[in-house]
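Here are some exercises to work through with the model open beside you. Try each task before reading its solution.

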Amino acid sequence: MRARGVLAALTAAVLLGGVSACGSTGGPGGDGNPHSFAELKHWGFAEWDRWAKRHDFRNPVVAGVWSAETMDQAPPQQPAPAPDSASTPAAPSPSAGEPSASGAPSTTSAPPAVAAQPVPRPYTSYPASGKVFMTAPNGGTGQCSATVVADPANPGRSNLVWTAAHCVHEGKGGDWYKNLVFVPAYNSSGAASDHRRAKLAEVAPLGQWWADKVITSPLWTTEGTRGGDAANQYDFAVIKVRGPEGESRSLEEAIGTAVPVWFDAPREQLAIQAWGYPAVAPFDGQELERCDSGRPGSRSFDASRPSMLVIGCTMTAGASGGGWFADGPDGRQRLVSNTSIGTQAHTALNGPYLEGVARQALDYISRK
């Protein structure tokens, strides 16, 4: 199968998810997976460690895999989009961290579309945003967006990158992606804009940072599919990266910043900005875009899980994994979600609500 053909299907792993997990409660099964969503909510470090060891991620550095040309040609991770509006009656937004009251899938009134705006260059002025590139286990390449986030265990010295789960793992029945690399401030100068030929140093001005470890929700790896559903309510991942050869500094030290993650953020107080590198027309994946979307709505596929955040935004596939930001109580910008699902008309984006499970995942990879 051709590279683009693989990713066209593979890409369907981008913005959407899978089947709701049900089953008996108790300790993790023989494969380390939780028996139920209720069980996962109560996992601690030991359970995350057991799961990670049984779902080993290996990503040796392979010289020459990523050139400016192969990065440019990598298709965006792109699953079937979610419906533009819910088929069930609208439900009010739940309070922070609470699942929706109804037992049926629900969505609040669709937020108005917000046109994406280009971020001024150079992107090295906003180096926390960048791109993740990957290859599929059976071939084909892909790209997503991502954000450098603060490391709770290593303040000022973070090597952690936040993105979507579908940008690191195929989902149900699949495996981890390979040759996973993060490029902060991708195409900062615009040298590769309009698909012009550029040098690697021009598209990766702050270097290539290879993934060393990855953690994501077991709900994605056991449920994730190509058609937006309950698995997307936990469509997030954290990557721990290593520096380019000869780089002794951490990623945060090298680029000068990392964004704190705000868990259990009060939905009604958020004014969201979404950032990313959309790659489907009218965009080409070479430009960093943003949507100043304001207060989010909500979407729920499984009422037992915290409903997703929904914002108006015209960004397309390729923006998957890109950070959603809001000002915290101290006025500092914080990450509150990431792009997971788009809509057929490209008028809205959906992102997971980050609460206890996401906090445990970040804590685990931080401590490791």
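**Exercise 1. Determine the handedness of the disulfide between Cys144 and Cys167, and describe where its two ends lie.**

*Solution.* Start with the torsion in this predicted model: the angle about the S-S bond is -85°, and the link of Cys144 and Cys167 is left-handed. Next, check the distance: the two sulfur atoms are 2.1 Å apart, which is within the 2.5 Å cut-off for a disulfide. Now locate the ends. Cys144 belongs to strand β4 (residues 141–149), while Cys167 sits in the loop between β5 (160–163) and β6 (178–184), so the bond ties together parts that are 23 residues apart in sequence. Finally, look at accessibility: both Cys144 and Cys167 are buried.

**Exercise 2. Find how many disulfides the structure holds, and work out the pairing pattern.**

*Solution.* The structure holds 2 disulfides. Besides the link of Cys144 and Cys167, there is a bond from Cys291 to Cys313, with an S to S distance of 2.1 Å. For this bond the torsion is about 70°, so the disulfide is right-handed. Cys291 lies in strand β10 (residues 289–294) and Cys313 in the loop between β12 and β13 (323–327), so to place the pair in the chain, note that these are distant parts, 22 residues apart. Are these cysteines buried or exposed? Cys291 has 0% relative accessibility and therefore counts as buried; Cys313, also with a relative accessible area of 0%, is buried too. Numbering the bonded cysteines in sequence order then gives the pairing 1-2, 3-4.

**Exercise 3. Decide whether strand β12 is enclosed or open, and identify its partners.**

*Solution.* Begin by counting: 5 of the 5 residues of β12 (residues 308–312) are buried, so the strand is largely enclosed by the rest of the structure. Then sort the residues by direction. Met308, Val310 and Gly312 point one way, Leu309 and Ile311 the other way, and all are buried. This fits a general pattern: in a regular strand the side chains alternate between the two faces of the sheet.

Now for the partners:

- Strand β11 (residues 297–300) pairs with β12 in the antiparallel sense over 3 bridges, and Arg299 stands opposite Met308.
- Strand β16 (residues 348–351) pairs with β12, again antiparallel, over 4 bridges; here the bridge partner of Leu309 is Gly351.

**Exercise 4. Trace the strand order of the barrel and pick out one pair of opposing residues.**

*Solution.* Follow the strands around: the closed barrel has 6 of them, in the order β3-β4-β5-β8-β7-β6, with antiparallel pairing. Neighbouring strands of this sheet are turned by 40° against each other on average, direction ignored. Zoom in on one step of the path, where 4 bridges join β5 to the antiparallel strand β8 (residues 237–242). Val161 stands opposite Ile239 in β8.

**Exercise 5. Describe the nonpolar cores and the surroundings of Phe182.**

*Solution.* The largest nonpolar core has 68 residues. Those with the most contacts inside this core are Trp162, Leu180, Phe182, Ile215 and Ile239. Helix α8 (residues 356–367) supplies the largest share of the core, 6 residues. A second, separate core has 19 residues, including Ala274, Cys291, Trp324 and Ala326. Returning to Phe182, set aside its neighbours within four places in sequence; among its remaining contacts are Ala128, Val148, Val161, Trp209, Val241 and Leu251.

**Exercise 6. Locate Gly356 and relate it to His42.**

*Solution.* Gly356 is found in helix α8. Its relative accessibility is 30%, so Gly356 counts as partly exposed. Gly356 and His42 are 314 residues apart in sequence, with a C-alpha to C-alpha distance of 8.7 Å.

**Exercise 7. Summarise the whole chain and say where confidence falls below 50.**

*Solution.* First, the make-up: the chain has 8 helices and 16 strands, and 57% of its 368 residues count as buried. Second, the confidence: the average pLDDT is 86, and 83% of the residues score at least 70. Over residues 1–26 the pLDDT is below 50, yet this stretch has 107 contacts in the model beyond near neighbours in sequence. Residues 86–105 are also below 50, with 43 such contacts.

Notes. Residues are numbered from 1 along each chain as its sequence is written. This is a predicted model: local features need pLDDT of at least 70, side-chain atom pairs count only at pLDDT 80 or more; totals for chains, interfaces and linings use all residues. Side-chain values use heavy atoms; hydrogens and water are left out. Buried means under 20% relative accessible area, exposed over 50%, partly exposed in between (1.4 Å probe, protein chains only). Helices (H or I, at least four residues) and strands (E, at least two) are DSSP runs, numbered from the N terminus. Two strands pair if DSSP finds at least two bridges between them. pLDDT is the predictor's confidence in each residue, from 0 to 100. Contact means heavy atoms within 4.5 Å. A nonpolar core is a set of buried Ala, Val, Leu, Ile, Met, Phe, Trp, Tyr and Cys residues joined through side-chain atoms within 4.5 Å. Axes are lines fitted to C-alpha atoms, for helices over the stretch in contact, and angles run from 0 to 180 degrees between N-to-C directions.
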